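Here is a short report on one sheet and the elements around it. Look at the structure first, then read on.

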Amino acid sequence: MEILANTVIHFPPRLSKSRLLKSNSVCCLRLEGHDNMELPLSSNGGSTTKNDNIWRLFREAQQNKLSVSSELLLRIDSMVLTGMIDIKEASELRRLVKDYRIEVADLFTQSLHKEDMELLAELRYLFHKRKKNGYHIIHICTEMEPVVSVGSLASYVTGLSRALQRKGNLVEVILPKYASLDIGDVQGLRETEMEFYSYFNGQLHANRVWTGVVYGIGVTFIQPLHYSSFFSRERIYGYSDDFERFTYFSRASLDYMVKSAKKPDVLHIHNWHTAIVGPLFWDVFVNQGLEATRILLTCQDFDSQCLQQPDKLALCGLDPSRLNRPDRLQDNTKTQLVNILKGGVVYSNKVVIMSSIHSKGTIVHSLSHGLEPTLAIHKDKLVVSPCGIDDSIWDPSKDKFLPENYIADNMKGKAVCKAALQKHLALSKHASTVVVGCIFSDVSDVDLENLKAAIWVASRRNIQFVFMGASKTPKINRELQLFEEELKDENTRFINKYDEALSHLILAGSDIILCQSFHDAVLQVPLKAVRYGAAPVAITFNDKVFRNILEHDPGKTKFAHYMSTAFANLSLSQALDEIKNKPSHWNMKIMDAMSKDFSWDAECYDIHISAYASIKNL
């Protein structure tokens, strides 16, 4: 990467044979690739042999460049075959090589010996420079799907990063090297020869660096040596020293960026776990070659903020006396403590709050968990974004898990999927029977009484009901099992574990999907239901408040606006009545829903790229 960062690419005028032969003066031609060779050309009848030698050398030089370009094209083919990049990105990189083959050859002649992963990073860097409106974004985060996934952060980082990269931006991710990493989807994972030191607790400590590619995104894993126990544990979160663990990682990430001369346009940090990057950046690192970089913080929610004793800030090199102030990191309620997430808000240029249903006003005034004064002061830097879905996986027109694919204009395949689901679960096969699906990753998050009430509604109306999910709490699993035995309904099926492949068929085969909330940042069931032609209906029927939020809250996202007009006012009974009494209207509603784009590339991308643009102009 360094040779690209420090190399100016010149575009010399093309030399034509006619211009050379028609020259009436003696001149010197310096051939590319033959820097010490000057060949005289004369208009007074210089020998044919000399001209032949000139053109032979010229053709050899050009042929060498074409060979480099050809090999680059073959390496891009290899990257596609091994899954490092997708077909679209391969097409873009091939076009780069073809359009600038001479210049690319000059730049990459000495790089062909490198591994695919390193070569890909350099190609992407050059491609990014060719895209006038593209940004270089580095995520410093604690999760990324599928490498390490605990909650909604993992799918968000991967989904947004892939969308950004598909549209010409250069994205990198820095993660801790957890012992529990799922490295099956990491292409070209290797330990680099680079070892760097980072500051922590008054000393410099060595770190190893691992690199790889995940879904075409360059990923750097930082492995502490002295503090090796920080990330060699069974769980990702939930330890008494989580502040120390993730503060070490945040500081090490910045030290690594300076050491490797990375100068991104935007440093994207996430939740409290890397929010300390904000004050670290502005107090310690901004003058170390990062003057043009800006900070964007994403909060999945404000439930977890990390309150600490002020003197702990000194562990990573911050000055507690400067930061333990009401307008900086001092907690708004427990003033003897500092609030790490608050520091991220204060020291970021932009804050993106992820919520599919709530507006900025609702979040600030009702869901900020004590941060309302801070968010009110910084309200102009706050924006709200919905999540998205990965439409390379969740798309009924090309879903590999379905027996037949379908689109909004031709729903025949959905009927086939319903029949396949009924057969798979030994339900009676009637196309006219309404199928209600319900998918949860953890039932403990659900109001069990409301779930039971919904199942009773379905059983009384001769509706087929498919429930999939389990709880981490044994008591709830026992309650579900007892309820299943009590119900004894031939039209109801319980699948007591989450099955990814079966979830595709349930979405495709169902007419209605019951959702624990329209804001489901982990499984994103409402988004998937809409995409698969199943109506999302909220199971939580204290949702008069929920519906009121959707209907009357200004500034909501496009997704929230659509859901409020299309589905928020539907209870399960009302949806069943509409299917029965207004089938044509219902079908039009479903087809319209399927035509909406709620992927990562749509509203979520637009909001983030706008946020990046606004802070780069500061």
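Helix α7 (residues 152-166) lies across six strands of the sheet, β3, β4, β7, β8, β9 and β12. Helix α7 runs at about 155 degrees to β4. Angles run from 0 to 180 degrees between N-to-C directions, with axes fitted to C-alpha atoms, for helices over the stretch in contact. Helix α11 (residues 340-347) also packs on the sheet and touches β9 and β12. Its direction makes about 135 degrees with that of β9. Contact means heavy atoms within 4.5 Å. Helices (H or I, at least four residues) and strands (E, at least two) are DSSP runs, numbered from the N terminus.

This is a predicted model: local features need pLDDT of at least 70, side-chain atom pairs count only at pLDDT 80 or more, and totals for chains, interfaces and linings use all residues. Residues are numbered from 1 along each chain as its sequence is written, and side-chain values use heavy atoms, leaving out hydrogens and water.

The strands under α7 include these:

| Strand | Residues |
|---|---|
| β3 | 136-140 |
| β4 | 170-176 |
| β7 | 217-224 |
| β12 | 350-354 |

The open sheet has 9 strands, in the order β5-β6-β7-β4-β3-β8-β9-β12-β13, with mixed pairing. Its edge strands are β5 (187-200) and β13 (382-385). Strands β8 and β9 pair in the parallel sense over 5 bridges; pairing takes at least two DSSP bridges.

Val266 stands opposite Arg294 in β9. Arg294 touches Trp282 and Asn349, among others. Arg294 is buried (under 20% relative accessible area, 1.4 Å probe, protein chains only).

Methods
Buried < 20%, exposed > 50% of the residue type's maximum accessible area, 1.4 Å probe, protein only. Lys, Arg positive; Asp, Glu negative; His and termini not counted. Salt bridge = Lys/Arg side-chain N within 4 Å of Asp/Glu carboxyl O. Lists of a residue's contacts leave out its neighbours within four places in sequence.
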